[in-house]
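Student: I have a structure to go through. Can we take it one question at a time?

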Amino acid sequence: MADFNKILDAGDYENGTTNVVVEIPVGSNYKIEWNRKVGYFALDRVENKIFAKPTNYGFIPQTLDEDGDELDVLLIADDPLPMGLVVEARVLGVMKFSDDGEVDDKIIAVPADDRNNGNIYESLDDLPKKLIEQIEFHFNHYKDLKKPGTTKVGSFDGIDEAKKVIKDAIARWKAQA
């Protein structure tokens, strides 16, 4: 398997698109993570089925969030996307999030060329309100059975804040290289 952080970068985030590597398909209860030190996907844990992912889940290459991992992406698509797939994605916004007191923000994006839905999603305001509620509920509660109260969704912010979060994550990546 290729080392995504060596062959890809964050993409053209300043113009609204970014590269995303899918780790977890929507509907999965497996917590799969990219291990950048050795260059493979690893099963971190199996979550309870009631906490299956409400979106596809991945990361932006050559970024580091404040939690020390690549910057996470909630990639909204009609179907599950396979692990390891690289997607050019349109940035819609960011979910400000903390996990066990650490900043662990999630960029919200959609495939950049989604002809099935006519590319109708251009901002968070275009997403179904129910989907945003499901995402918020999931991330506020997915650890409740083991570590209640350790996750907190702060806010959903737009494209400009998402670009700032990506820019800062790229700077952290470059500082550690």
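What follows is a set of questions and answers on this model.

Student: What kind of model is this, and how many helices and strands are there in the protein?
Tutor: This is a predicted model. Read along the sequence, the pattern is α-β-β-β-β-β-β-β-β-α-β-α. The count is three helices and nine strands.

Student: How compact is the protein, and what is its radius of gyration?
Tutor: The C-alpha trace spans about 40 × 40 × 25 Å along its principal axes. For 177 residues the globule rule gives 16 Å, and the protein comes close to that, so it is as compact as a globular protein of that length. Its radius of gyration is 15 Å.

Student: What share of the 177 residues is buried?
Tutor: Take the surface as well. The protein exposes about 8,900 Å², and carbon and sulfur atoms supply 49% of that area. Buried means under 20% relative accessible area. The buried share of the residues is 48%.

Student: Among contacts between residues at least 6 apart in sequence, what share joins residues at least 24 apart?
Tutor: One example of a contact across the sequence is T55 with I135. For the protein, the share joining residues at least 24 apart is 66%.

Student: Is T55 buried or exposed?
Tutor: T55 lies in the loop between β3 and β4. Leaving out residues up to four places away in sequence, T55 touches I24, P25, V26, L74, L75, I76 and I135. Its relative accessibility is 3%, and the cut-off for burial is under 20%, so T55 counts as buried.

Student: What distance does α2 reach from its first C-alpha to its last?
Tutor: Helix α2 has 13 residues. At 1.5 Å a residue, the expected value is 18 Å, and the helix is close to that. The reach is 18 Å.

Student: Which strands do the buried residues of α2 pack against?
Tutor: Start with the residues. In α2, L131, I132, I135, H138, F139 and N140 are buried. The buried residues of this helix pack against β4, β5, β6, β8 and β9.

Student: Why can K130 and E133 be partners in α2, and what is their N to O distance?
Tutor: K130 and E133 are three residues apart in the helix, so about one helical turn separates them. An α-helix has 3.6 residues a turn, so residues three or four places apart point the same way. K130 is exposed at 53%, while E133 is partly exposed at 34%. Their side chains meet in a salt bridge, N to O, at 3.3 Å.

Student: Which residue forms a salt bridge with D168?
Tutor: Look in helix α3, residues 159-176. D168 and its partner are four residues apart there, so about one helical turn separates them. D168 is partly exposed at 31%, and the partner is partly exposed at 45%. The closest N and O atoms are 3.0 Å apart, and the partner is K164.

Student: Which residues are linked with R45 in a network of salt bridges?
Tutor: Begin with one pair. The side chains of R45 and D44 meet in a salt bridge at 2.4 Å, N to O. R45 is partly exposed at 27%, and D44 is partly exposed at 42%. The structure holds 15 salt bridges, and the network links R45 with D44 and E47.

Student: How far apart are the C-alpha atoms of K143 and N48?
Tutor: K143 sits in the loop between α2 and β9. At 15% relative accessibility, K143 counts as buried. Leaving aside neighbours within four places in sequence, K143 is in contact with R45, D99, P148, T150 and T151. K143 and N48 are 95 residues apart along the chain, and their C-alpha atoms are separated by 9.3 Å.

Student: What is the area of the nonpolar surface patch made by Y30, L43 and V46?
Tutor: Y30 is found in strand β2, residues 30-35. A patch residue needs over 30% relative accessible area, and Y30 has 44%, so Y30 passes that cut-off. With L43 and V46, Y30 makes a nonpolar patch of about 310 Å².

Terms used
Residues are numbered from 1 along each chain as its sequence is written. This is a predicted model: local features need pLDDT of at least 70, side-chain atom pairs count only at pLDDT 80 or more; totals for chains, interfaces and linings use all residues. Side-chain values use heavy atoms; hydrogens and water are left out. A salt bridge is a side-chain nitrogen of Lys or Arg within 4 Å of a carboxyl oxygen of Asp or Glu. Buried means under 20% relative accessible area, exposed over 50%, partly exposed in between (1.4 Å probe, protein chains only). Helices (H or I, at least four residues) and strands (E, at least two) are DSSP runs, numbered from the N terminus. Patches are made of residues with over 30% relative accessible area and no salt bridge: like charges are joined within 9 Å, nonpolar side chains (Val, Leu, Ile, Met, Phe, Trp, Tyr) within 5 Å. Accessible areas come from the Shrake-Rupley method with a 1.4 Å probe; for residues, only the protein chains shown count as cover. The radius of gyration is taken over C-alpha atoms; the globule rule is 2.2 Å times the number of residues to the power 0.38. Contact means heavy atoms within 4.5 Å. The expected span of a helix is 1.5 Å times one less than its number of residues.
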